[in-house]
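Welcome! Please take a moment to look over the sequence and the 3D view before reading on.

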Amino acid sequence: MKMDMRRKDRQVQDPKKIEELLNRADVLHLALADEEIPYIVALSYGYALENGKLTFYFHTAKSRHKIDLIHTNPNAAIQIDCPGRFLPAQNG
C-alpha cells in the first residue's frame, strides 16, 4: 500500500537526493504489528537503490522475531532520522 504525503512540497522523489538522505542517517526505525501491539525497533541498516527500487537490509537475531512478524503481517513502516535541525512552522 502506498501512502500519499500531506505536504507534497516536502516530498523527496529524486533518487540522488534520497540516496543523500540515506547516507546521512545512521538509524532506521522499523514498525511492525505484533498482533494488536505495535512493535518498533531501531536498526542499523544497509540499502540498495537500483532502477528506482529501494531495498533495505538489516540484521536479525537467531530468534527471528522481526522476520516472524513480517511473515505474519507484511505491512510495515520505516522512519529514518537525519542529523539536522527542525524547520520553523509555516503559516498557511
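The report below goes from the whole chain to its sheet, and then to single residue pairs.

## The chain as a whole

A friendly word of caution to begin with: this is a predicted model. The protein chain holds two helices and five strands. If you follow the sequence from start to end, these elements come in the pattern α-β-β-β-β-α-β. To get a feeling for the dimensions, picture the C-alpha trace spanning about 45 × 30 × 25 Å along its principal axes.

Of the 92 residues in the protein chain, 13% are buried. Among contacts with a separation of 6 or more, 51% join residues that lie 24 or more positions apart.

## Surface and charge

The protein chain has an accessible surface of about 8000 Å², and carbon and sulfur atoms contribute 52% of that area. As for charge, there are 13 positive and 12 negative side chains, with the centres of the two sets 6 Å apart.

## A three-stranded sheet

Now look for the open sheet, in which three strands lie in the order S2-S1-S5 with antiparallel pairing. Strand S2 (37-43) and strand S5 (77-80) are the edge strands, so called because each pairs on one side only. On average, neighbouring strands of this sheet are turned by 25 degrees against each other, direction ignored.

Helix H2, made of residues 65-72, packs on this sheet and touches S1 and S2. The direction of helix H2 makes about 55 degrees with that of S1. As a general point, strands of a sheet pair through backbone hydrogen bonds, either parallel or antiparallel.

## Strand S1 and its neighbours

Strand S1 covers residues 28-34, and seven bridges join it to S2, with the two strands running antiparallel. You can find Leu30 standing opposite Val41 in S2. Another pair to look for is Asp34 and its bridge partner in S2, Ile37.

What lies between the strands in the hairpin of S1 and S2? Two residues do, and Glu35 in this hairpin takes a positive phi near 60 degrees.

How many bridges join S1 to S5? There are four, and these two strands also run antiparallel. Here Ala31 has Ala77 in S5 as its bridge partner.

## Putting it together

To retrace the picture, start at S1, which sits between S2 and S5 in the sheet order. Then turn to helix H2, which packs on the sheet and touches S1 and S2.

Note on methods. Residues are numbered from 1 along each chain as its sequence is written. This is a predicted model: local features need pLDDT of at least 70, side-chain atom pairs count only at pLDDT 80 or more; totals for chains, interfaces and linings use all residues. Side-chain values use heavy atoms; hydrogens and water are left out. Axes are lines fitted to C-alpha atoms, for helices over the stretch in contact, and angles run from 0 to 180 degrees between N-to-C directions. Contact means heavy atoms within 4.5 Å. Buried means under 20% relative accessible area, exposed over 50%, partly exposed in between (1.4 Å probe, protein chains only). Accessible areas come from the Shrake-Rupley method with a 1.4 Å probe; for residues, only the protein chains shown count as cover. Lys and Arg count as positive and Asp and Glu as negative; His and the chain ends are not counted. The place of a charge is taken as NZ of Lys, CZ of Arg, CG of Asp or CD of Glu.
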